[in-house]
Amino acid sequence: MALSSRKPINIEDYRQLANKRLPRMVFDYLDGGADNEVSLRHNRTALDSIRLRPKRLIDVSKRRMDTELFGKRLAAPLAIAPTGLNGIFWPKGDLALARAAAKFNIPFILSSASNASIEEVASCCNGDKWFQLYVIHRRLAKQLVERALNAGYSTLVLTTDVAVNGLRERDLRNGFGLPLRYTPRVVLDGCLHPRWSLNLLRQGVPQLANFKSADAQDTEVQAALLARQMDASFDWEALEQLRELWPHTLLIKGIIDPTDAARCIESGADGVVLSNHGGRQLDSCQSPIETLQQTISTINEPVLIDSGFRRGTDIVKAIAMGAQGVLLGRALLYALAADGQSGVEHALELIISEIDRTLANLGCPSIDELNSSFVQS
Ligand SMILES: Cc1cc2nc3c(=O)[nH]c(=O)nc-3n(C[C@H](O)[C@H](O)[C@H](O)COP(=O)(O)O)c2cc1C
């Protein structure tokens, strides 16, 4: 679909476009949060409440935002967050995101719950690829880790904030879930969004590609898959066992408490991703930006962050407060839903130009020179 109306000028414009293009139940799955959506709203309030403190009379005629992360040079301190069911927003959505990331020289993180398989994404384009692990069953997790290793993923990201699935009440009201049930309401919603429905008819309902090849004889694994619940017994000891399986960079995602961050490092992790899952899991959760500075002073390893990031200024704030990178979740999914890969690329261009403008007006010529003197929280 080519965008016919005015070209979006920011991420909120893409959110409005996604809202128009997607059936209500799909938009709500993308946009919604758990319970009262307090965490979801608070992620934005917490970022907005931080003020930037510019320095004047600095030569900012040349600016750079490339940076190094885990020994690799990135065009900007950004990565595409792992998100499940990307195929429901745009046909082959995982591939569109991976290709856009490769073009912009930032990592793409493939979700365990992707619609394209680990191998398909690995071979779709060059570019640094990370794999996000959900532990549904320990044997299945081991298989996924081995597949990611064989397919050449550089980094494993273990998600720890889904002990049980958060209840997103918008999904419950809309009857959204897998497998899709064709209730009269769902069918009507589809008819009102014919372009989206046509794509779905052409490609078929997206499947959880990584789980299709799970050993059908392994009844325990099959039962765990059917239950669609995580292994809630996964603990620190299990993390140490996982560390043994993965020889490359290991990050732990979903950390909020700085003492947990320290324990992740003691257990062998190479860094953490501060995240409250974009407000989709625990409601009334602290926002990761609120625990960033304490985490930075607790561990020496890289701290990445996500949840609520929509603007270049948000990213500059987090980097100034000590984060080494920001994962973009919904910001790029809105653009994916609006215009596929071109939408994602344009959204990245918008965010990168926002970062550039912010650096200039902040009096900081290089993103690597940002520090806490540029923010007042
Ligand atoms: C539609 C959707 C699906 C998601 N699926 C996953 C997932 O499969 N694995 C995971 O670790 N996080 C998942 N997340 C959380 C993101 O990785 C990230 O933490 C979150 O989107 C950040 O918040 P933001 O969307 O406000 O930027 C998902 C988020 C969204 C919006």
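Reader: Let's start with two helices: at roughly what angle do the axes of helix α2 (residues 24–31) and α15 cross?

Author: Welcome! This is a predicted model, and in it the axes of α2 and α15 come within 10 Å. Their crossing angle is roughly 160°.

Reader: Are α2 and α15 roughly parallel or roughly antiparallel to each other?

Author: Angles over 145 degrees count as roughly antiparallel, and the axes of α2 and α15 cross at roughly 160°. The two helices are therefore roughly antiparallel.

Reader: Which residues of α2 and α15 make that contact, and how do they divide by class?

Author: From α2 come Phe27, Leu30 and Asp31, and from α15 come Arg330, Leu333, Tyr334 and Ala337. Sorted by class, the residues of this contact are five nonpolar, no polar and two charged.

Reader: Moving along the chain, where does aspartate 35 lie, and is it buried, partly exposed or exposed?

Author: Aspartate 35 sits in the loop between α2 and α3 (38–48). Its phi is positive, about 50°, although aspartate 35 is not a glycine. With a relative accessibility of 36%, aspartate 35 counts as partly exposed.

Reader: And glutamate 37, is that residue buried or exposed?

Author: Glutamate 37 is also placed in the loop between α2 and α3. Phi of glutamate 37 is positive as well, near 60°, in a residue other than glycine. Its relative accessibility is 14%, and under 20% means buried, so glutamate 37 counts as buried.

Reader: How many disulfides does the structure hold?

Author: A disulfide needs two cysteine sulfur atoms within 2.5 Å. For cysteine 124, the closest cysteine sulfur is in cysteine 125, 3.3 Å away, which is too far for a bond. The number of disulfides in the structure is zero.

Reader: Which counts as exposed, cysteine 124 or cysteine 191?

Author: Cysteine 124 has a relative accessible area of 17% and is buried. The other residue has a relative accessibility of 56%, and exposed means over 50%, so the answer is cysteine 191.

Reader: What is valine 145 in contact with, leaving aside its neighbours within four places in sequence?

Author: Valine 145 belongs to helix α6 (residues 138–151), and at 1% relative accessibility it counts as buried. The C-alpha atom of valine 145 is 7.5 Å from that of leucine 245, a residue 100 places away along the chain. The contacts of valine 145 are Leu133, Leu156, Leu242, Leu245 and Trp246.

Reader: Now for α14: how many of its nine residues are buried?

Author: The buried ones are Gly312, Asp314, Ile315, Val316, Lys317, Ala318, Ile319 and Ala320. Helix α14 is thus largely enclosed by the rest of the structure, and its buried residues number eight of nine.

Reader: Which glycine with a positive phi follows α14?

Author: Just look past the end of α14 for a phi near 115°. The residue there is glycine 322.

Reader: How do α14 and α15 cross, and what is the hand of the crossing?

Author: The axes of α14 (residues 312–320) and α15 (residues 330–362) come within 7 Å and cross at roughly 60°. That angle makes α14 oblique to α15. The hand of their crossing is right-handed.

Reader: Which residues meet there, and how do they divide by class?

Author: On the α14 side are Gly312, Thr313, Ile315 and Val316, and on the α15 side are Ile351, Glu354, Ile355, Thr358 and Leu362. By class, the contact of α14 with α15 has five nonpolar, three polar and one charged residues.

Methods
Residues numbered from 1 in each chain as written. Predicted model: local features only at pLDDT ≥ 70, side-chain atom pairs only at ≥ 80, totals over all residues. Heavy atoms only, no water. Buried < 20%, exposed > 50% of the residue type's maximum accessible area, 1.4 Å probe, protein only. Axes fitted to C-alpha atoms, helices over the stretch in contact; angles between N-to-C directions. Helix = DSSP H or I, 4+ residues; strand = E, 2+ residues; numbered from the N terminus. Parallel < 35°, antiparallel > 145°, perpendicular 65-115°, else oblique. Left-handed = near helix turned anticlockwise from the far one by under 90°. Contact = heavy atoms within 4.5 Å. Nonpolar A, V, L, I, M, F, W, Y, C, P; charged D, E, K, R; others polar.
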